[in-house]
Amino acid sequence: DQDVRLIELCQEADAVNLNKNPLLAMAQVKPTRKIIVMPTAAYDELLEKDKSECEHNVVWMFHTARCGSKLLCQMFYTLPDWTVFATTQTMVYSVLHAQSTTVMTTFLQSKFFEDLVVTYIKSHLKLLPKGNSVFWKTFAFLDEYTIPIIHKKFPKHKIMFSYGNPFASAKPFHNYVSPQ
């Protein structure tokens with residue numbers, strides 16, 4: 001809660017290119033050139049001055065495993081003026097490092113967590129070109145805590161849910177790894 005850590009990627013990283021990086025988390029390791037640390041208060045002040053997150057059409061996809069979420073990401077990625085954030089792990093890592101209480105549910109219902117989610121969203125939206133829309137494939141286990149925050153703080157954002165039965169993809173995988 002005292003400082004924010006940011007990474008600077010090399011220009012060739014092309015982090016949100018789904019053809020290169022199907023998961024944003026994978027694009028955030030090797031191409032990191034610098035880790036930038038700044039006081040949280042200074043970072044929050046920068047975010048407050050920038051109101052550009054209001055200019056973007058945002059669609060959140062909360063999902064279950066094996067529901068076709070990668071296919072939906074690929075479809076949105078092909079649309080002009082759309083950016084896809086596919087499974088960013090930033091929020092999960094932030095929660096794991098930021099929570100200092102032993103009771104995770106207490107932390108996830110705190111004002112600090114709400115502020116963390118808002119900062120996370122605003123930070124990612126600053127990466128978008130002006131006028132671009134974003135399709136955001138979410139961070140799985142935080143859904144029930146982040147959806148109310150998104151609804152409250154970003155009421156124009158759209159939220160969708162995708163459910164898939166994993167059996168359809170599990171069976172071919174099992175057949176592949178365990179041939180008869």
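Two strands count as paired here if DSSP finds at least two bridges between them, and strands (E, at least two residues) and helices (H or I, at least four) are DSSP runs numbered from the N terminus. The model is predicted, so local features need pLDDT of at least 70 and side-chain atom pairs pLDDT 80 or more, while totals for chains, interfaces and linings use all residues. Residues are numbered from 1 along each chain as its sequence is written, and side-chain values use heavy atoms, leaving out hydrogens and water.

**View 1. An open sheet of four strands.** The strand order is 4-5-3-6, with parallel pairing. Strand 4 (82-86) and strand 6 (158-162) are at the edges with a single partner strand each, so one side of each has no neighbour in the sheet. On average, neighbouring strands are turned by 20 degrees against each other, direction ignored (axes are lines fitted to C-alpha atoms, for helices over the stretch in contact; angles run from 0 to 180 degrees between N-to-C directions).

**View 2. Strand 3 beside strand 6.** Five bridges join strand 3 (residues 58-63) to strand 6 in the parallel sense. Look for F62, which stands opposite F161 in strand 6.

**View 3. Helices across the sheet.** Helix 5 lies across strand 3, strand 4 and strand 5 (133-137), at about 130 degrees to strand 5. Helix 6 lies across strand 3 and strand 6, running at about 160 degrees to strand 3.

**View 4. Helix 5 meets helix 6.** The axes of helix 5 (residues 111-125) and helix 6 (residues 143-153) come within 10 Å and cross at roughly 65 degrees. The contact (heavy atoms within 4.5 Å) involves F113, E114, V117, V118 and I121 of helix 5, with Y145, T146, I149, I150, K152 and K153 of helix 6.
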